[in-house]
Amino acid sequence: MNHAEIKEKMIWAGKVLVAEGQDDFTRGHISMRLPDNPSLFFMKPHSLGLDEITMDNILTIDLEGKVVAGGSRRHSEVYIHSEIFKARPDVHCVLHTHPPYLIALSASERPLKCLSQGGALFYQSLGRYSDTINLIRTHDMGAGVARDLGPHRAVLLKNHGIVTTGASIEEVVISTIMLEDAAKIQLIAEAAGQCDPEFPRADIEKLQHDISRPEQFVINFDYLVRRLKRKAS
């Protein structure tokens with residue numbers, strides 16, 4: 001994708017995330033690494049909702065968290081993004097949100113279980129950051145989030161929210177929605193009583209493989225965009 005196409009996809013990602021309940025006032029932010037310059041990334045600006053991203057207000061930021069292009073205000077938690085991009089060359093998109101079921105799960109000692117397809121997608125691929133409940137406003141704090149993310153798809157920030165990563169905007173948006181659904185299903189199931197044992201590891205890993213193909217994320221992201229366009233027409 002060229003820069004305009006990336007920005008357009010970020011705009012739709014923000015709208016999809018809000019429609020799927022991933023918004024929290026103006027908090028939450030998404031970034032995408034520039035394919036032609038991996039030391040830079042586009043990022044949503046401060047003081048606006050995820051559904052208010054435009055071509056003109058997206059910032060260009062370097063790996064030290066400094067704005068190199070754009071006139072909007074930068075999020076103070078930029079270091080979540082910059083430090084993960086430093087630590088994970090394979091990551092091209094980073095998203096931080098405050099989804100309620102995942103915050104509730106993060107407040108407990110319980111791990112995410114494979115009680116759903118979302119649980120399978122994140123099977124043994126969810127880190128946990130518990131250094132602080134506070135905002136991630138320094139290089140060191142961002143590096144701590146990257147450390148606890150490790151090789152995983154996402155990391156829970158205890159009592160705060162989640163950070164999801166991936167190779168594309170589509171992957172990050174869809175997997176974030178699936179992760180919140182997994183936490184919701186788990187909390188409902190656990191509240192209802194004793195859960196049955198999980199399926200065997202090999203069975204879970206097969207499902208994880210099948211639902212984590214890049215085209216699956218694109219198909220489902222495109223569907224959510226089409227659905228929003230139909231509602232707007």
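**Helix 1, the cysteines and strand 7**

Visitor: What covers the buried residues of helix 1?
Guide: In this predicted model, the buried residues of helix 1 include Ile 6, Met 10, Trp 12 and Leu 17. Their cover includes three strands and two helices: strand 1 (29-34), strand 2 (37-43), strand 5 (93-97), helix 6 (169-192) and helix 8 (214-232).

Visitor: Which span, in Å, does helix 1 reach from its first C-alpha to its last?
Guide: Helix 1 comprises residues 3-19, 17 residues in total. At 1.5 Å a residue, 24 Å is expected, and the span in the model is close to that value, at 25 Å.

Visitor: At the start of helix 1, which backbone nitrogen does a side-chain oxygen of Asn 2 reach?
Guide: Helix 1 begins at residue 3. The side-chain oxygen of Asn 2 comes to within 3.1 Å of a backbone nitrogen, that of Ala 4.

Visitor: Which residue with a positive phi follows helix 1?
Guide: Helix 1 ends at residue 19. The residue in question has a phi near 80° and is Gly 21.

Visitor: How many disulfides does a search of the whole structure find?
Guide: A disulfide requires two cysteine sulfur atoms within 2.5 Å. For Cys 114, the nearest cysteine sulfur is that of Cys 195, 12 Å away, and Cys 114 is in no disulfide. Cys 195 is likewise in no disulfide, with the sulfur of Cys 114 as its nearest. The number found in the whole structure is 0.

Visitor: Is Cys 195 buried or exposed?
Guide: Buried means under 20% relative accessible area. Cys 114 meets this cut-off, with 13%. Cys 195 has a relative accessible area of 17%, so this residue too is classed as buried.

Visitor: Which residues of strand 7 are buried on the two sides?
Guide: Strand 7 spans residues 154-157, and both of its faces are covered. One side carries Ala 154 and Leu 156, the other Val 155 and Leu 157.

Visitor: Which handedness does the β-α-β unit of strand 6, helix 5 and strand 7 have?
Guide: Strand 6 (residues 126-129) runs parallel to strand 7, and 4 bridges join them. Within this pairing, Tyr 129 stands opposite Leu 157. Helix 5 (residues 139-149) completes the unit with the two strands, and the unit is right-handed.

Visitor: Which residue in the turn between strand 7 and strand 8 has a positive phi?
Guide: Strand 7 and strand 8 (residues 161-166) run antiparallel and are joined by 4 bridges. One of the pairs places Val 155 with Val 163. The two strands form a hairpin with 3 residues between them, and the turn residue with a phi of about 60° is Asn 159.

Definitions and conventions
Residues are numbered from 1 along each chain as its sequence is written. This is a predicted model: local features need pLDDT of at least 70, side-chain atom pairs count only at pLDDT 80 or more; totals for chains, interfaces and linings use all residues. Side-chain values use heavy atoms; hydrogens and water are left out. The expected span of a helix is 1.5 Å times one less than its number of residues. Buried means under 20% relative accessible area, exposed over 50%, partly exposed in between (1.4 Å probe, protein chains only). Contact means heavy atoms within 4.5 Å. A polar contact is a pair of N or O atoms within 3.5 Å; within protein, one must be able to donate a hydrogen and the other to accept it, and residues adjacent in sequence count only if both atoms are side-chain atoms. Two strands pair if DSSP finds at least two bridges between them. A crossover is right-handed if, with the strands pointing away from the viewer, the path from the first strand over the helix to the second runs clockwise.
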